[in-house]
Amino acid sequence: MAFLKNGDVISGAVLAALGVYIVMQSRAWDYYTLDGPGPAFFPFWYGVAMVALSLLLIVNSARNSNGSSATIDWRAMGRALGTWLAFAVSVALMQFAGFLISFALFTFFIVAVIFRRPLAMAGVVAVASALAFHLIFPVALSVSLPTGPFGF
Amino acid sequence: MDIASGLLHGFAVALQPSNVFWCFVGCLLGTVVGIMPGLGPAATIALLLPLTFKMDPAGGIIMLAGIYYGAKYGGSTTSILLNIPGESSSVVTCIDGYQMARKGRAGAALGIAAIASFIAGSVGVIGLTLIAPPVAAFALSFSSPEYFALMCLGLALVVLLSGTSLIKGLLALLLGLWLTSIGTDLFTAQARFIFGQATLLGGIDFMVVAIGVFAIGEVMGSIEAGEEARMLPVPRGIRNLLPNWEELRACRFAFLNGSVTGFLVGCLPGGGATISSFIAYGIEKAVSKHPEQFGKGAPEGVAAPEGANNADTGGALVPLLTLGIPSGGSTAIMLSALVLWGVKPGPLMMTESPDVFWGLVASMYIGNVVLLILNLPLVPLFAQILRLPLYVLFPVIFGISIVGAYGASGRIFDLGLLVGFGLLGYAMSKLKYPSAPLILGFVLGDAMERALRQSLMMSQGDLSALVRRPISAIMLALAVVILLIPLFGWFNRLRVRAVTENG
């Protein structure tokens, strides 16, 4: 069952499920009204197309699978996904702590953990970049950013 | 307004001090972005779009266009000095540009790239000036069926040329169509795919999708790659950046080839600068008297692709401004910007918004001169940007992404979506799904659905109305042919080779 580890098979299955969801949802709306095509008309057809193409992708991929999977650099991918996770956490934190603090923490993480730079350097980059953003956007350009309990 | 008076009007707009300033800012930012690997023009335009909301539309589009073509000028610098393309359209410049630099001709290579960019960029703008008015006049006869067919044709071309797998291109397009369906149906006010979230009734903000897929996705890819390259020394002084007479003589056909190829390919939706640069390089090598020199530092191998890369800009703006059909990610974002400012790109744009249309066209003549000045004497200065540590650059890009996504709506919810679309962009790039069809599907989806439903309303549900009108019939037939020809093995091998070489 090596083909189940194949990215094309997994993404094809996810997209096929999305296509089924689109078709099922569109069945709840008018397909055709007295005025012409209803809100279900367009989604129904691209949903059907999505299911068909996803299944075609899965079949093609399973047929061409020779059992050997491409080498994945998990360490490198971990760096990217670690960055993304830190970004997600900082965004979640933003509504409570505001942009300045969340962004400084995020930058600290990137510099210290992802790029493995000294903690002191990470601290300087984090504070300097967060302050620069605060001074440029909310202060100088009046562009609003999420604020925390301290008003920034 | 005829072409001459339109262009004069455009220069009156573009030469206003504020617009000259925005043109300069756009060119400068574009050059900087072009030099920095890891951030493309589409991502930059998306990131800076919120800052232009308060600007006058003419100034705003002049600046965004400056970023668009400025990035193409700057993209050659890293190709030549680092053997790393700043943009995908500069991939082919690495082949001979880096070899020239290794032989101690880095200055000449940078000079040839700048001169080719200037000549071809100017030819592209002249092409845009002359071709856009007749195309717009022709498109005045278009009705809903023609627009639907035109969008099908444009999207089919984008899918054909944007990735090795046609199926994945189509799936990315369908994903874009679904994302744009989220919200309230404009015809019946039916809420669609909102997952019980009232915040989604207004739909998903285009910028959240564009910034997430392009900027966050690209940065995650760069963090994963995590490689730092060693830069070859940049010669100082304008004299050391000018190619010698022999090199210029060798490039004379390449300048013309790049200009014509770039403009013509640029006019095709999905064509894009990457493909045009490869085609121009291929033509140059094929007609060369010494093809064996290509890959070893032939000056023509720099001039042809760099010329095509820049002439493409003028071509890409023809379908955008006259038909409202973007040809790629960057122009899709520019289309959204125009719509946000209340300007409707299409056949009537020249008469309804002459300041924006002709102002933009005229500003590109000025922008090309600005870029030549910026890119010849100031290249050593710009090259210092490459010394900026990535651990400083990447958090800054994340920060600007947050500003861009939050600034438009002021909702934390949109930042949550940004996180999701960032992961989607990264996953798409890992799984080799092209992002351009998704963005174009998202941008054109609403208009495409509207055109289809209006066509069927006009014909009382008769689908044959779409093929009864000759123009729409031809365009739909072409779209079908485009999607079917990859079934022929020899064509698909050719297509896959072209797309794979695009990197």
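These are my notebook entries on the contact between chain B and chain A in a predicted model.

**Confidence.** I began with the predictor's own scores, and found an ipTM of 0.92 and a pTM of 0.80 for the complex. For chain B I noted a mean pLDDT of 85, with 91% of its residues reaching 70 or more. I keep in mind that coordinates should not be read in detail where pLDDT is low.

**Extent of the interface.** I looked up how many residues take part, and found 55 residues of chain B in contact with 58 residues of chain A. Between them the two chains bury about 5,000 Å², and carbon and sulfur atoms account for 81% of that area.

**Polar and charged pairs.** I then searched for salt bridges between chain B and chain A, and the count came to one. The pair is B:Lys168 with A:Asp8, whose closest N and O atoms lie 2.7 Å apart. For polar contacts across this interface, I recorded nine residue pairs, with both residues at pLDDT 80 or more.

**Elements on the chain B side.** I next listed the elements of chain B that give two or more residues to the side touching chain A, and these are helix 8 (166-181), strand 2 (191-192), helix 9 (206-225), helix 18 (390-409), helix 19 (412-430) and helix 20 (436-458). Helix 18 of chain B gives the most to that side, with 12 residues.

**Residue classes.** Sorting the side of chain B that touches chain A by class, I entered 38 nonpolar, nine polar and eight charged residues.

Methods
Residues are numbered from 1 along each chain as its sequence is written. Chains are lettered from A and ligands numbered from 1 in the order in which they are written. This is a predicted model: local features need pLDDT of at least 70, side-chain atom pairs count only at pLDDT 80 or more; totals for chains, interfaces and linings use all residues. Side-chain values use heavy atoms; hydrogens and water are left out. Contact means heavy atoms within 4.5 Å. Buried area is the accessible area (1.4 Å probe) that two parts lose on being put together, summed over both. A salt bridge is a side-chain nitrogen of Lys or Arg within 4 Å of a carboxyl oxygen of Asp or Glu. A polar contact is a pair of N or O atoms within 3.5 Å; within protein, one must be able to donate a hydrogen and the other to accept it, and residues adjacent in sequence count only if both atoms are side-chain atoms. Helices (H or I, at least four residues) and strands (E, at least two) are DSSP runs, numbered from the N terminus. Ala, Val, Leu, Ile, Met, Phe, Trp, Tyr, Cys and Pro count as nonpolar, Asp, Glu, Lys and Arg as charged, and the others, Gly among them, as polar. pLDDT is the predictor's confidence in each residue, from 0 to 100.
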